[in-house]
Each structure stands twice: as C-alpha cells, then as structure tokens.
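Thanks, everyone. I'll walk through one structure today, starting with charged pairs and then moving to the rings.

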Amino acid sequence: MGQTLDEGGTADPWRRRTRRARRPMPLWQELPLLLVVAFCLAVLIRTFLLQAFFIPSGSMADTLLVGDRVLVNKVVYDVRDPLRGEVVVFRGTERWAAQLDDRPETGLLGRLAATAGDLVGLGRPGEKDFIKRVVGLPGDRVRCCDEQGRVIVNGTGLDEPYVRRDSPLELPPNPHECRARRFDEVIVPPGHIFVLGDNRLVSQDARCQGPVPIDNVVGRAFGVIWPSSRWSSLSAPQTFADVPDPAGLPTGGPPPVRPTPDGGVLLLLPLPVALLSSRAFRTVPSSRAT
C-alpha cells in the first residue's frame with residue numbers, strides 16, 4: 001500500500017510519531033501509579049469479593065482465638081442461603097447493637113480517618129459486625145438440651161467437639177442472659193438464622209439476642225489466614241449433615257447447594273489478592289461479654 005503524504009509530499013507526521021519508540025516512564029511517576037492501582041484493586045476486592053476480619057474476643061474459642069484473622073467470602077450468599085454449621089459474619093440487629101460501645105465524635109479529621117479506614121478494612125472495634133456459627137435455619141426448631149446436654153435441632157442432637165467451654169447444665173435458662181446452656185425451644189422465623197458462639201460460656205448470641213435476618217449476613221468465614229501457625233479452613237462439621245429439614249417444608253425439590261471444600265479455596269487464592277488484603281483487617285466483635 002502507498003504511504004500517506006501531506007500536501008508537501010512528505011510522510012504524515014502523526015504516523016511518524018506513532019512509530020517512534022516510547023520513552024519508559026520514570027520510576028518516580030510509575031511507583032505512585034502502581035500504588036494507586038493496587039489500592040483501587042484492594043478496595044474493589046474488599047467491597048465485592050473478599051474481606052479480612054480481626055477477632056478481638058474469645059466467644060468463638062477454640063475455633064477462633066483472639067488475634068486471629070479470618071477471610072470472608074462476600075458473594076457466596078448472593079447465590080445461595082447459609083447452611084447449618086457455617087461460620088458467618090453478620091450485622092447485628094438493634095438487640096445486638098445494644099451491647100456495642102458508644103464512641104464520642106472525634107471531629108472532622110477523626111470521621112475522615114474512620115471513613116478511610118473502613119474503606120480498606122481497618123475499621124475500629126465497636127462496630128455492628130459479629131461472627132458466629134449457624135445452628136438453625138428458617139423453620140428449624142432449636143432447643144437445649146437432651147439427656148447428653150446437647151443442642152437439639154429438629155429433634156436431632158448435635159455432637160459438637162469444637163465446643164470446649166460450655167455452660168454448666170444447672171444454670172436455669174434466662175432469655176436476657178446467655179450464660180445458661182439450657183434454653184427453651186425456638187422456632188426460627190422465616191428469613192432468619194439461629195447463631196451460637198463456640199464458646200457458649202461467654203458468647204452473646206441468639207440465645208438472648210434473638211435470631212439474625214439472613215439479609216444482615218455479610219458473608220461466610222472460610223479460613224483463618226493469620227497467624228500462619230493457625231492457617232486452616234472453617235468447614236461445616238459433619239454433625240449438621242444429619243439434621244433433618246423441619247417438618248412442614250416441601251420435599252422432593254432439588255438438593256441444597258453445597259459449597260466446595262474450603263481448603264481448596266484457600267489453596268487457590270491468588271497471591272495478589274492475599275497480598276492486597278493482608279492489611280485490610282476489620283475487627284469483628286464476636287462477643288462483647290468477655
């Protein structure tokens with residue numbers, strides 16, 4: 001093909017400029033650009049996909065210890081509902097929020113810093129996010145205890161080896177206090193879940209705070225990512241697979257969606273995601289009564 005010429009018969013200057021080798025960007029310009037891109041990616045991942053949460057109390061011990069960081073899948077419940085046995089992060093209702101600390105206003109700079117910290121997952125303690133284990137689904141009948149002192153869901157006793165610190169059986173049930181192991185039967189309302197902490201002796205949970213709306217669930221905690229000595233998955237214990245569906249629900253439909261093994265999720269987690277989220281830890285007040 002012929003070369004495009006201008007009126008003077010010379011080659012098009014614009015085409016000559018496009019063929020010139022581009023000069024590399026100086027480091028002092030490239031580094032801030034890379035930092036901005038990394039920050040934007042971290043914010044997008046934190047907002048829509050994954051978020052790390054910090055555990056400040058012992059209400060989920062020994063499954064989760066003070067200082068643990070857990071990674072939360074924020075999209076899984078967009079395609080299905082929570083399942084029994086899963087560990088979830090959720091926003092507390094007004095009854096749950098009543099146990100949070102009231103913090104005084106810190107002025108404009110303090111509010112801006114708090115907003116920026118929340119954006120990247122560095123929110124301070126005292127927010128409305130909690131972490132517990134799902135024990136009952138909508139329509140389930142949950143109570144405690146049977147002859148062996150176990151929680152009963154739809155007539156089936158749960159074998160919970162992860163519960164290392166349970167309340168004594170002799171404490172009478174008290175709907176306004178969560179220290180008692182025994183509690184009267186609760187029928188989980190539609191659109192709600194019944195959650196308990198693994199450390200039943202101190203956990204403030206659905207025994208006294210009431211069921212949690214599924215719409216309040218932020219996501220599923222599927223693994224401990226820090227400290228490295230405690231790196232592990234958070235899978236649903238096998239005991240929950242033996243719980244029957246509540247009576248009165250329709251049967252014969254498609255089987256419930258089951259999640260993929262958590263260990264695989266942890267192992268396949270892309271390194272850039274882990275690096276970008278390594279400091280995006282948000283505090284989850286799993287229990288304020290510690």
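Start with R230 and D68. Their side chains form a salt bridge, at 2.8 Å from N to O. This pair links distant parts of the chain, 162 residues apart. R230 sits in the loop between β11 and β12, and D68 in the loop between β1 and β2. How covered are the two partners? R230 is partly exposed, at 24% relative accessibility. D68 is buried, with a relative accessible area of 2%.

A word on the source: this is a predicted model.

Next, D62 and R165. Their side chains meet in a salt bridge of 3.0 Å, N to O. Again the pair links distant parts of the chain, here 103 residues apart. D62 is in the loop between β1 and β2, while R165 is in the loop between β7 and β8. D62 is partly exposed at 28% relative accessibility. R165 is partly exposed too, with a relative accessible area of 40%. Add R164, and you have a network of salt bridges linking D62, R164 and R165.

Third pair: E185 and R141. The closest N and O atoms of this salt bridge are 2.9 Å apart. E185 is in strand β8 and R141 in strand β5, so the pair ties together parts 44 residues apart in sequence. E185 has a relative accessible area of 42% and is partly exposed. R141 is also partly exposed, at 42%. In total, the structure holds 14 salt bridges.

Now a charged residue without a salt bridge. K132 is in strand β4, residues 129-136. K132 is buried, and D205, the nearest side chain of opposite charge, is 5.2 Å away. Why does that not count? A salt bridge needs the nitrogen within 4 Å of a carboxyl oxygen, so 5.2 Å falls outside. What does K132 touch instead? Its side chain makes a polar contact of 3.2 Å with the side chain of S59.

On to the rings. There are four aromatic pairs. Take F90 and F130: the ring centres are 6.0 Å apart and the planes are at 25 degrees, so this pair is stacked. F90 is in strand β3 and F130 in strand β4, so the pair ties together parts 40 residues apart in sequence. Both F90 and F130 are buried. W96 joins them: ring pairs link F90, W96 and F130 into a cluster.

Last, the overall picture. The protein has seven helices and 13 strands. Of its 290 residues, 41% count as buried. The exposed surface is about 16,700 Å², with 59% of it from carbon and sulfur atoms.

Conventions:
Residues numbered from 1 in each chain as written. Predicted model: local features only at pLDDT ≥ 70, side-chain atom pairs only at ≥ 80, totals over all residues. Heavy atoms only, no water. Helix = DSSP H or I, 4+ residues; strand = E, 2+ residues; numbered from the N terminus. Buried < 20%, exposed > 50% of the residue type's maximum accessible area, 1.4 Å probe, protein only. Lys, Arg positive; Asp, Glu negative; His and termini not counted. Polar contact = N/O pair within 3.5 Å; in protein donor to acceptor, adjacent residues only side chain to side chain. Areas by Shrake-Rupley, 256 points an atom, 1.4 Å probe, with all protein chains shown as cover. Phe/Tyr/Trp six-rings, centres within 6.5 Å; stacked < 30°, edge-to-face > 60°.
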